[in-house]
Amino acid sequence: MTATAVKAMGLVKWFGEGDVKTYAVRDVSFEAYFGEMLYIVGPSGSGKTTLLSMISGILRPDDGSVLVDNKMIWSLSNDQIADFRLKSVGFVFQDYHLFPRLTTAENVAIPLILRRENWDNAIKTAKEYLEIVGLKERAELTPRKLSGGEQQRVAIARAIAGRPDILIFDEPTASLDGDTGRKIVDFIKKDVLNDRRCIIIVTHDGRIYEYADRIMQMEDGRISGTEQGAPHEE
Amino acid sequence: MKVVRSVKAWLGILRIAYKLLTNDRPKFAALIVGIAFAVFLMVQMTSIFAGILGRASSTVTNIGARVWVMDPAVKTVANNIPMPDYVLDAVRSIDGVKFAVPLYSGGALVRLQSGSYQAVTVVGLDEGSLYGRPELVEGKIEDLYAENAFIAVRDAEFSKLEKPQIGSEFELNDHRGVIIGFAKVTSAGLFGTPTLYTTYKRAIQYIPSSRYTISFILVEPKSNADIQYIQEQIRRIGYIAMTREGFVSKIARYYMFQTGLGTNILIMTVVSFIVGLSISGQTFYTFILENREKFGALKAIGAKGRELLAMILFQAAFTAMMGYGLGVGLCSLLIALAKLRLPNYAASITYINLGIAFIMVVIIAGISSCIGIRKVVNIEPFETFRG
């Protein structure tokens, strides 16, 4: 862990106005580093997803700022923020959000196509990433024909296909059984994480805490504590 | 090169849009069918109308004179009001008139060789010039000067004359008639009656008529510039002169606005439009709703608003064009089949029909995509995270 990948400063987010105004995140500051797998954990409604959305350029904070690659992302224009998400951040959503009408290779190629890469080149690259996640043979199938674990791997391939610096995982094991979940996180740690990449995972699945380099506990929109992850046994 | 690269880059995004659209086959089929059905109805309705209007002006088209003189109360060729002979002399005396000839146009009942009676339209041409004569496909035009001579028009109604040959005889008001030739014309008539051409004098001799006998006066102006002057001079003697196009428009306006036909066709076209809009709008809206979270995911990944907009517009335009093509194709097929079985079927697909249907389809696609665009543009990618 060396350079800072993400620096959040005094982030505040509320929803609603007047009597129904509810604070989701209150004055949160933290740093995440390259080469680190940072977990944000906490009970439902503690503000994990809201925090994740603000640091990834999806949800504008009501106060505070986020520094990524020496840029204050929330001072960028909407198009620049979209470009930031496309080029610097890879997302793995809780429900994967794969396109059921596209093949797995086409799904993986989406960030590349959005980057205006030639279709054939994008599909070729996508297949290379499918090979990395062990699904080369499934390239022409639609996601519906894949198991939950395989769909998760396709989502990971899509997230890393754009070679982002920051990878965001939202509850990556929520839809998987224990064994598959552990295998997926093990894969992420061993094959996806590297010195030039920072992985931030939101989870409340205690079974995968052992893979964390650092665990940030959230409660009522605040960071209630940070601890080093438990050493992972091979 | 930069433009080509840019276009190629957009092609990838549009290809995703295409696959998202067409891979959802039931929805895509429903969209296409909805639009095709609407286009089919719209083109069918307007084609029937165009066909009827074309038929209604058939005599004007077939005779082909550049200027037609008539009583101001005349609405169509069929309800002409005979004019006295002095009008013909007056017209001939106008500066700018190269020549002017009388035309008889009227209905009659002929007794065929089988003994049955058949209503016909008789057109009497000026003897001296035979101006407005049809193109003969069999027989000689000079035979029209022979005794009792008539030319039969080979159009959709021809069979009603019991397939006559040259020399075939019939009876018209106790007069003998002989077919001396067969002609072809540009357009068949509206009322389902066969057409017989003869000379003006023979026509008024054979068919009982009122005191006046000239149905129309056909005028050939010396030049186009003379037409307006001729019209003014004819107006002074209480009649009107209309150009061929003007007369065709007058007939069309009559059928459109004074017979209820135009209103009914308009209502049916609007209903077709509403049906198409309802089906495709609803289906497209459902399609967008079902893919809303996917568009949200795209936005979260980094797609810009204009890229999502382009995807939706492309999907709407593609569906509209497919539906349009299918609808026009189906309509053409149906009309062709109908004409095989019913030669008198009055329907004709014109560029104007196609243009109207195209505009309607563009509006349908525009409204359908507008609904979708609003839904997609307002997506917060944050919702994708919240699930």
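Helices (H or I, at least four residues) and strands (E, at least two) are DSSP runs, numbered from the N terminus. The structure is a predicted model, in which local features need pLDDT of at least 70 and side-chain atom pairs count only at pLDDT 80 or more, while totals for chains, interfaces and linings use all residues. Residues are numbered from 1 along each chain as its sequence is written, chains are lettered from A and ligands numbered from 1 in the order in which they are written, and side-chain values use heavy atoms, with hydrogens and water left out.

A sheet in chain A is a good place to begin. This open sheet has six strands in the order β6-β7-β8-β3-β9-β10, with mixed pairing, where two strands pair if DSSP finds at least two bridges between them. At the edges stand β6 (89–92) and β10 (222–228) of chain A, each with a single partner strand, so one side of each has no neighbour in the sheet. From one strand to the next the twist averages 20°. Within the sheet, β3 (residues 37–41) and β9 (residues 214–219) of chain A run parallel and are joined by four bridges; Ile40(A) has Met216(A), in β9(A), as its bridge partner.

Two helices of chain A lie across strands of this chain, contact being heavy atoms within 4.5 Å. Helix α1 (residues 48–55) lies across β3, β7 (166–170), β8 (198–203) and β9 of chain A and runs at about 155° to β8(A), whereas helix α5 (residues 148–161) of chain A lies across β6 and β7 and runs at about 170° to β6(A). For these angles, axes are lines fitted to C-alpha atoms, for helices over the stretch in contact, and angles run from 0 to 180 degrees between N-to-C directions.

Chain B is divided into domain 1 (17–55 + 260–386) and domain 2 (84–238), with bounds that come from an automatic or database domain assignment. The C-alpha centres of the two domains of chain B lie 48 Å apart, and their contact takes five residues from domain 1 and seven residues from domain 2.

The empty spaces come next. On a 1 Å grid over the protein atoms alone, a cavity is a set of points where a 1.4 Å probe fits but cannot get out, and a pocket is an open set with protein on both sides within 12 Å along at least five of seven lines; lining residues have an atom within 4 Å of a point. Grid points are joined across faces, edges and corners, and a volume is the space filled by probe spheres set on the points.

The largest pocket holds about 650 Å³ of space, and of its 30 lining residues the closest to its centre are Phe49(B), Ala50(B), Gly51(B), Leu53(B) and Gly54(B). Helix α2(B) gives the most to this lining, with seven residues, and at least three residues come from each of domain 1 and domain 2 of chain B.

There are also two cavities of 30 Å³ or more. The largest cavity has a volume of about 80 Å³, and its lining includes Arg85(A), Phe91(A) and Ile301(B); β6(A) supplies the largest share of that lining, three residues. The second largest cavity, of about 40 Å³, is lined by residues of chain B, among them Leu31(B), Phe284(B) and Ser368(B), and α2, α8 (261–290), α10 (305–341) and α11 (351–377) of chain B each supply at least two residues of its lining.
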